[in-house]
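Colleague: Could you take me closely through one part of this model, a strand and what surrounds it? Please keep to what the coordinates support.

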Amino acid sequence: MRILIDADACPVKEETYKVSARYKVPVVIVSNQIIRIPQSALVTRQIVSDAFDAADDWIAENCGKGSVVITADILLADRCLKAGAEVLAPNGKPFTTASIGGAIATRAIMADLRAGGDQIGGPAPFSKQDRSRFLSALDQVLTRLVRAAQSGQL
């Protein structure tokens, strides 16, 4: 069991460190640059090249059943779900096999609108509610995975 963070723009790294310490679950910070991490045996960093999608590729290739991936990247979330990982957005919303198709479709529509010159704005600013929802969602996922591991289902 471990947590993989798509770290370059992740706003919930500190929260993840705290929850991982409580559950004693290792965290891997994946980025293409050095990011400060706490001195903890549970937290490591994986620096990848600055090639396009190098961090995404590393995460997708190294996640699986028992992994929790934290990312806002919908296409990476899809790859990780297919590998058997649990996936959470930084705002606490889980990506699931039932929801990922709609998320990919919405992403494509928005890209088409932007390409056509439409001014559609971006996501809402990250809020305290998002941070709270993330902490709750990560706690729920890790509780479920710990129980599965204890019962031999992982």
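Modeller: What follows is a look at strand β4 and its surroundings. This is a predicted model, in which local features need pLDDT of at least 70 and side-chain atom pairs count only at pLDDT 80 or more, while totals for chains, interfaces and linings use all residues. Residues are numbered from 1 along each chain as its sequence is written, and side-chain values use heavy atoms, with hydrogens and water left out.

Helices (H or I, at least four residues) and strands (E, at least two) are DSSP runs, numbered from the N terminus. Two strands pair if DSSP finds at least two bridges between them. β4 belongs to an open sheet of six strands with mixed pairing, in the order β3-β2-β1-β4-β5-β6. β3 (43–47) and β6 (94–95) are at the edges, each with a single partner strand, so one side of each has no neighbour in the sheet.

On one flank, β4 (residues 67–70) pairs with β1 (residues 2–6) in the parallel sense over four bridges; there, S67 is the bridge partner of R2. On the other flank, β4 and β5 also run parallel, joined by three bridges, and V68 stands opposite E86 in β5.

In a regular strand the side chains alternate between the two faces of the sheet. Both faces of β4 are covered: S67 and V69 are buried on one side, V68 and I70 on the other. Buried means under 20% relative accessible area, exposed over 50%, and partly exposed in between, with a 1.4 Å probe and protein chains only.

Two helices can be placed around this strand. Helix α5 (residues 128–150) lies across β1, β4 and β5 (86–88), at about 170° to β5. Axes here are lines fitted to C-alpha atoms, for helices over the stretch in contact (heavy atoms within 4.5 Å), and angles run from 0 to 180 degrees between N-to-C directions. In helix α1 (residues 13–23), the buried residues are K13, E15, T16, Y17, V19 and S20; they pack against β1, β2 (27–31), β3, β4 and α5.

After the strand comes the loop between β4 and α3 (74–82), where T71 is placed. T71 counts as buried because its relative accessibility is 2%. Its side chain reaches the backbone nitrogen of D73 at 3.0 Å. Leaving aside neighbours within four places in sequence, T71 is in contact with D6, L76, A77, V87, L88, A89, P90 and F95.

β4, α3 and β5 together make a right-handed β-α-β unit: with the strands pointing away from the viewer, the path from the first strand over the helix to the second runs clockwise.

Key
A polar contact is a pair of N or O atoms within 3.5 Å; within protein, one must be able to donate a hydrogen and the other to accept it, and residues adjacent in sequence count only if both atoms are side-chain atoms.
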